[in-house]
Amino acid sequence: MGLYCFLFDHFPGSHLLGLSSFQTFYGFWIITNILIILSSTSYFMAGTCSFLYMFTATSVYHGFSIFYQTDYLMQFIVALVLAVLYSLASFVLFSWNDAHSYNSLLYGLPMSILLAETFALCVYLAHGHIYLLPLLIDMGGSIIFMPIFWKRVNNKLLYLISTILLAILLYLIFYASSF
């Protein structure tokens, strides 16, 4: 995955599809980590597999980037910290399989991030005519995972309200100020 990210970085950034940008948004990484969590059989497996996936992808990416960038060490450290955070998040999110009332909130977290980013990418596409591929990836992930999560949650109303409110909050905090 890191090699693909490195190769796609060399596409022009101002192109409609945004091929150089699909891996720079959270949606792609959230979708792939959701797949890891859904296929895991334990907390340990979810956390470990997520860490290994993220760490390997960033290691390969920065291994190739060493020839092109001067601040690769700092970027690698940031990527390592993010890999650890994704691993911890995967460990916690695996508990959405438990029959607790908070599983509705846990299912809502990745969906709200995907929805906030999808809306932001719609705005980017409308204003700058860029980032079509990241938008399609986020929309596809939202469309695929929304009904899967809907079937699994214990409290559908809590899931719906928390997902919508958190998506609005995340959009306002991270994306609204960039326009």
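In the predicted model, Cys49 is partly exposed, with a relative accessible area of 31%. Cys122 is also partly exposed, at 34%. Both values lie between the limits of 20% for buried and 50% for exposed residues, so neither Cys49 nor Cys122 counts as buried. A nonpolar core is built from buried residues; therefore Cys49 and Cys122 are not members of one. The structure holds zero disulfides.

The interior was examined next. The largest nonpolar core consists of 24 residues, and Trp29, Trp96 and Phe149 have the most contacts inside it. Two or more residues of this core come from each of helix 2 (26-39), helix 3 (43-65), helix 4, helix 5 (103-128) and helix 6 (132-152). Helix 2 supplies the largest share, seven residues. A second core, separate from this one, has seven residues, among them Val123, Ala167, Tyr171 and Tyr175.

The surroundings of Trp96 illustrate the packing in the larger core. When residues up to four places away in sequence are not counted, Trp96 touches Ile37, Leu38, Asn103, Leu106, Tyr107, Pro110 and Phe149. Phe149 is thus both a contact of Trp96 and one of the residues with the most contacts inside the core.

On the surface, a nonpolar patch is formed by Leu73, Met74, Ile77, Val78, Val81, Leu82, Val84, Leu85 and Leu88, with about 800 Å² of accessible area together. Ile77 lies in helix 4, which spans residues 72-93. Ile77 is partly exposed because its relative accessibility is 40%. Helix 4 also gives two or more residues to the largest core.

Note on methods. Residues are numbered from 1 along each chain as its sequence is written. This is a predicted model: local features need pLDDT of at least 70, side-chain atom pairs count only at pLDDT 80 or more; totals for chains, interfaces and linings use all residues. Side-chain values use heavy atoms; hydrogens and water are left out. A disulfide is a pair of cysteine sulfur atoms within 2.5 Å. Buried means under 20% relative accessible area, exposed over 50%, partly exposed in between (1.4 Å probe, protein chains only). Patches are made of residues with over 30% relative accessible area and no salt bridge: like charges are joined within 9 Å, nonpolar side chains (Val, Leu, Ile, Met, Phe, Trp, Tyr) within 5 Å. Accessible areas come from the Shrake-Rupley method with a 1.4 Å probe; for residues, only the protein chains shown count as cover. A salt bridge is a side-chain nitrogen of Lys or Arg within 4 Å of a carboxyl oxygen of Asp or Glu. Helices (H or I, at least four residues) and strands (E, at least two) are DSSP runs, numbered from the N terminus. A nonpolar core is a set of buried Ala, Val, Leu, Ile, Met, Phe, Trp, Tyr and Cys residues joined through side-chain atoms within 4.5 Å. Contact means heavy atoms within 4.5 Å.
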